[in-house]
Amino acid sequence: MDVVIYPDPSLRRGGAKVETFDDELKETAKQMIEAMYRQRGVGLAAPQVAIDQALLVLNPTGDPADADQEMVLCNPKIISKKGKEWGEEGCLSFPGIYGEVQRATKIVISYQDLDGEEKETRAEDFLARVIQHEMDHIDGVVFTDRFSSVEKLRVKPKLEALEERFKTNA
Ligand code: CO
């Protein structure tokens with residue numbers, strides 16, 4: 001399972017609602033977690049592996065030894081949010097690009113687990129940031145969309161380099 005790189009169109013397609021909670025879904029989630037660790041990420045959304053489903057995996061420590069902190073969210077929705085804070089983010093689909101994004105500091109979300117069971121959880125600070133970043137992928141939104149205009153200008157040459165590389169590899 002490979003992570004697609006900007007400007008792969010999968011990143012803009014987003015993810016449709018997960019309706020079938022079967023072994024295939026569990027296998028997909030497992031492979032996404034493996035791909036996330038392999039690439040030293042803290043989160044990965046299905047559109048980033050060219051699967052158009054509302055599915056995301058994360059581990060805020062990024063360390064496979066902390067398997068107890070892994071989360072798999074199907075059909076996540078934000079129920080409430082509080083506070084706002086700028087913080088630096090990166091993305092496995094944007095190698096070498098980092099920038100400040102404003103996110104809510106406290107969120108409450110609903111989601112379904114891999115068995116389709118409805119759950120609710122709250123998250124703060126970095127974990128809340130990771131969840132919001134990955135949820136954006138499900139909406140076809142990427143973190144650079146949320147950069148300030150100054151930040152957008154700063155990363156423009158890097159984005160253009162990735163666009164050039166995509167054209168060459170296509
Ligand atoms: Co990302």
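## Working through a metal site, an aromatic cluster and a helix

Both C91 and H133 are buried. Keep in mind that this is a predicted model. Let's work through some exercises.

**Exercise 1.** Find out which residues coordinate the cobalt ion, and how they are spaced along the chain.

*Solution.*
- Step 1: Look for the donor atoms. They are SG of C91, NE2 of H133 and NE2 of H137, at 2.0 to 2.2 Å from the cobalt ion.
- Step 2: Write down the spacing of these donors along the chain, which is C-x41-H-x3-H.
- Step 3: Place C91 and H133 in the fold. C91 sits in the loop between β4 (85-89) and β5 (99-103), while H133 belongs to helix α3 (residues 125-138). The two are 42 residues apart, so to speak on distant parts of the chain that the pair links.

**Exercise 2.** Work out how Y6 and F94 are arranged, and what parts of the chain their pair ties together.

*Solution.*
- Step 1: Check the geometry. The ring centres of Y6 and F94 are 4.9 Å apart, with 25 degrees between the planes. Planes under 30 degrees apart count as stacked, and that is the label for this pair.
- Step 2: Locate the partners. Y6 is in the segment before α1 (10-13) and F94 is in the loop between β4 and β5, so their pair ties together parts 88 residues apart in sequence.
- Step 3: Decide whether they are buried or exposed, using the cut-off of under 20% for buried. Y6 has 16% relative accessibility, so it counts as buried. F94 is buried too, at 1%.

**Exercise 3.** Now describe the pair that F94 makes with F143.

*Solution.*
- Step 1: For F94 and F143, the centres are 5.3 Å apart and the planes are at 70 degrees, which is edge-to-face.
- Step 2: F143 lies in the loop between α3 and α4 (149-169), so its pairing with F94 ties together parts 49 residues apart in sequence.
- Step 3: With 1% relative accessibility, F143 counts as buried.
- Step 4: Put the rings together: Y6, F94, F143 and F147 form one aromatic cluster.

**Exercise 4.** Test the span of helix α2 (residues 23-38), then see what covers its buried residues.

*Solution.*
- Step 1: The helix has 16 residues, and at 1.5 Å a residue it should span 22 Å. Its end C-alpha atoms are 22 Å apart, so the two agree.
- Step 2: List the buried residues of α2; among them are L25, T28, A29, M32 and I33.
- Step 3: The cover over the buried residues of α2 includes β1 (43-45), β2 (55-58) and β3 (71-82).
- Step 4: Look just past α2, where R40 takes a positive phi of about 60 degrees.

Definitions and conventions: Residues are numbered from 1 along each chain as its sequence is written. This is a predicted model: local features need pLDDT of at least 70, side-chain atom pairs count only at pLDDT 80 or more; totals for chains, interfaces and linings use all residues. Side-chain values use heavy atoms; hydrogens and water are left out. Donors are N, O and S atoms within 2.8 Å of the metal (3.2 Å for Na, K and Ca); water is not among the atoms, so sites may look incomplete. Helices (H or I, at least four residues) and strands (E, at least two) are DSSP runs, numbered from the N terminus. Buried means under 20% relative accessible area, exposed over 50%, partly exposed in between (1.4 Å probe, protein chains only). Rings of Phe, Tyr and Trp (its six-membered ring) pair if their centres lie within 6.5 Å; planes under 30 degrees apart count as stacked, over 60 as edge-to-face and the rest as tilted. The expected span of a helix is 1.5 Å times one less than its number of residues. Contact means heavy atoms within 4.5 Å.
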